[in-house]
Amino acid sequence: MTDTFDLSPLLPLQKALDEEIAREHGVTYESTSSRRILALLVELGEFANETRSFKYWSFKGPSPKEVILDEYADGLHFLLSLGIPLGAKELILPPKEYAIPLYDAILDVYGEVVGLSKSYDLSHYKAAFSAYLGLLPLMGYGEEDAKDAYLKKLKVNHERQEGHY
């Protein structure tokens with residue numbers, strides 16, 4: 001069994017970014033929940049593109065680790081953001097254990113996120129998040145890789161807001 005990941009410390013950081021965005025853009029969680037889910041799906045696609053795991057027609061390998069993790073961090077931002085209005089306070093989850101190729105696991109995450117869009121509740125949220133976390137071990141990455149990438153991207157996202165991105 002894979003250890004759990006504790007992403008609880010990231011929730012207040014995400015909430016602060018969300019509040020900054022809400023002030024700057026005049027939005028609320030309620031007015032953006034479906035856009036956040038769509039953004040998560042888009043970011044998942046961008047992540048998949050950098051892994052190149054589905055590109056059976058190409059010999060080119062995956063992008064460098066830092067590029068892949070940068071895209072992964074974008075998905076983390078939206079997943080964390082989606083949990084805040086659901087009342088997620090502690091986020092200690094086991095990564096879903098996959099015994100399938102990365103491209104199939106990515107498809108599974110898509111399915112979980114679509115399920116979340118249809119049933120936006122804590123149970124579906126945790127299932128989607130656990131599935132997303134399960135992608136990391138398939139690439140040889142872990143919790144600290146995800147947290148480090150998130151914190152790097154958080155800094156960029158705050159800078160973007162300050163620069164009226």
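**Fold and salt bridges of the predicted model**

Read from the N terminus, the elements of the protein chain follow the order β-α-α-α-β-α-α-α-α. The chain thus described belongs to a predicted model, and its secondary structure amounts to 7 helices and 2 strands.

The overall dimensions were examined next. The C-alpha trace spans about 45 × 35 × 25 Å along its principal axes. For 165 residues, a compact globule would be expected to have a radius of gyration near 15 Å, and the value computed for the protein chain, 15 Å, agrees with this. Of the 165 residues, 44% are buried. Among contacts between residues at least 6 apart in sequence, 82% join residues at least 24 apart. The protein chain exposes about 8,600 Å², of which 56% is supplied by carbon and sulfur atoms.

With respect to charge, the protein chain carries 17 positive and 26 negative side chains. The centres of these two sets lie 3 Å apart.

In total, 9 salt bridges are present in the structure. One of them pairs Asp70 with Lys153, with a distance of 3.1 Å between the closest N and O atoms. Asp70 is located in helix H3 (residues 65-83) and Lys153 in helix H7 (residues 143-162), so this pair ties together parts that are 83 residues apart in sequence. The two partners fall into separate accessibility classes: Asp70 is partly exposed, at 30% relative accessibility, whereas Lys153 is buried, at 6%.

Lys153 also meets the side chain of Asp74 in a salt bridge, at 2.8 Å from N to O. Because Asp74 lies in helix H3 and Lys153 in helix H7, this second pair ties together parts that are 79 residues apart in sequence. Asp74 is buried, its relative accessible area being 10%. Asp70, Asp74 and Lys153 are accordingly linked in a network of salt bridges.

A further salt bridge is formed by Lys96 and Glu112, whose closest N and O atoms are 3.7 Å apart. Lys96 is placed in the loop between strand E2 (92-93) and helix H4 (102-118), while Glu112 belongs to helix H4, so the parts tied together by this pair are 16 residues apart in sequence. Lys96 is partly exposed, with a relative accessible area of 30%. Glu112 is likewise partly exposed, at 21% relative accessibility; the cut-off under which a residue counts as buried is 20%.

Terms used. Residues are numbered from 1 along each chain as its sequence is written. This is a predicted model: local features need pLDDT of at least 70, side-chain atom pairs count only at pLDDT 80 or more; totals for chains, interfaces and linings use all residues. Side-chain values use heavy atoms; hydrogens and water are left out. A salt bridge is a side-chain nitrogen of Lys or Arg within 4 Å of a carboxyl oxygen of Asp or Glu. Helices (H or I, at least four residues) and strands (E, at least two) are DSSP runs, numbered from the N terminus. Buried means under 20% relative accessible area, exposed over 50%, partly exposed in between (1.4 Å probe, protein chains only). The radius of gyration is taken over C-alpha atoms; the globule rule is 2.2 Å times the number of residues to the power 0.38. Contact means heavy atoms within 4.5 Å. Accessible areas come from the Shrake-Rupley method with a 1.4 Å probe; for residues, only the protein chains shown count as cover. Lys and Arg count as positive and Asp and Glu as negative; His and the chain ends are not counted. The place of a charge is taken as NZ of Lys, CZ of Arg, CG of Asp or CD of Glu.
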